[in-house]
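Okay, thanks for coming, everyone. Let me put the model up and then walk you through its helices.

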Amino acid sequence: IVGTIAVIFSLTLSPVVYSADVAKIGVVFFQKILVDSSAGKMIKQQVEEQNNKNIKILQDEKTQIESLEDELKKMSLLPVPVDKTKKAEKEKAYIARRQEFAKLQKRLTDEMKALNKQLMSDFSKKVNNIVREIGKKEGYLMILERREAGIFYVPDQIDITESVTKILNEQTAKEQQ
C-alpha cells in the first residue's frame, strides 16, 4: 500500500516539477553605474565645473560686500564727522548688496539643483532604456535595482551592472563622436 501511494504521489507531482519554468531575475546597481560609467563621470565633472563657477561668483560678490563694510567702518572711525547723507547712502548700498547676495545665492543654488535634477533624469532614462533592452533580449522576468529594492546580497550571476555600464559607455562614446 505504501509503495502504491508513493508511485501515485510521484506521478501526480512529476508534471508539476517538469513543467516548472525557471524565472530569470536580474539585479542592477544604479549607483555603481553612475560612478563607473563615462556618462556618470561626465555628469560629475559638469556639476563640479558649474559649482566652481558659482563659488567664484559668490566669492567675488562677497569681496565687494566686505569692501563696502570696511568703508562704513572707516567712516565711523574718522575723527572728522562724515556727511550723514553720504554715510546713509553707503549703508543703504551695503544693505541692498547683502540682500542681492542672498538672492544670488538662492538663485545659484536653485540652478544647481535644477541642473543636477535634469542631468540625473537624462542619465536615469538612458540606464532604464538599456536595462529594458537587456531584459527583453535576454528574457529576464524582472530586473531589480539593488539599492531601491532593499537587496543585501546578490550572486554575481544575476548582477547585470557591468553589462549595463559597458553598453552605456559605448553609447556615450558614439554620442561624443
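So, the buried residues of α3 pack against α2, α4 and α5. By buried I mean under 20% relative accessible area, with exposed being over 50% and partly exposed in between, using a 1.4 Å probe and protein chains only. And contact, whenever I say it, means heavy atoms within 4.5 Å. Helices are DSSP runs of H or I with at least four residues, strands are runs of E with at least two, and both are numbered from the N terminus.

Before I go on: this is a predicted model, with local features needing pLDDT of at least 70 and side-chain atom pairs counting only at pLDDT 80 or more, while totals for chains, interfaces and linings use all residues. Residues are numbered from 1 along each chain as its sequence is written, and side-chain values use heavy atoms, leaving out hydrogens and water.

Back to α3. The buried set there is A39, G40, I43, V47, N54, L58, E61, I65, L68, L72 and M75. The helix has 40 residues and reaches 58 Å from its first C-alpha to its last, close to the 58 Å expected at 1.5 Å a residue; that expected span is 1.5 Å times one less than the number of residues.

Two of those buried residues are worth a look. N54 has a relative accessible area of 5%, and leaving aside neighbours within four places in sequence, N54 is in contact with L108 and M112. Then there's E61, buried at a relative accessible area of 15%. With neighbours within four places set aside again, E61 is in contact with R97, F101 and L104.

That takes us over to α4, residues 84-138. This one has 55 residues and runs 80 Å from first C-alpha to last, close to the 81 Å expected. Its buried residues include F101, L104, L108 and M112, and what covers the buried residues of α4 includes β1, α2, α3, β2 and α5. Just after α4, G139 takes a positive phi of about 70 degrees.

Now α5. Its 16 residues should span 22 Å, and the end C-alpha atoms are 22 Å apart, which agrees. Which residues of α5 are buried? T161, V164, T165, L168 and T172. They cover an arc of only 95 degrees around the axis, so they sit on the same side of α5; the arc is that of the directions from the helix axis to the C-beta atoms. As a reminder, an α-helix has 3.6 residues a turn, so residues three or four places apart point the same way. On the other side of α5, E162, K166 and K174 are exposed. The buried residues pack against β1, α2, α3 and α4.

S163 is in α5 too, and at 37% relative accessibility S163 counts as partly exposed. S163 and V131 are 32 residues apart in sequence and 9.1 Å apart in space, C-alpha to C-alpha.

Last bit: how do α3 and α5 meet? They pack at an angle of about 60 degrees, with their axes 8 Å apart. Axes are lines fitted to C-alpha atoms, for helices over the stretch in contact, and angles run from 0 to 180 degrees between N-to-C directions. The pair is therefore oblique, given that under 35 degrees is roughly parallel, over 145 roughly antiparallel, 65 to 115 roughly perpendicular and the rest oblique. S38, A39 and M42 of α3 make the contact with L168, N169, T172 and Q176 of α5.
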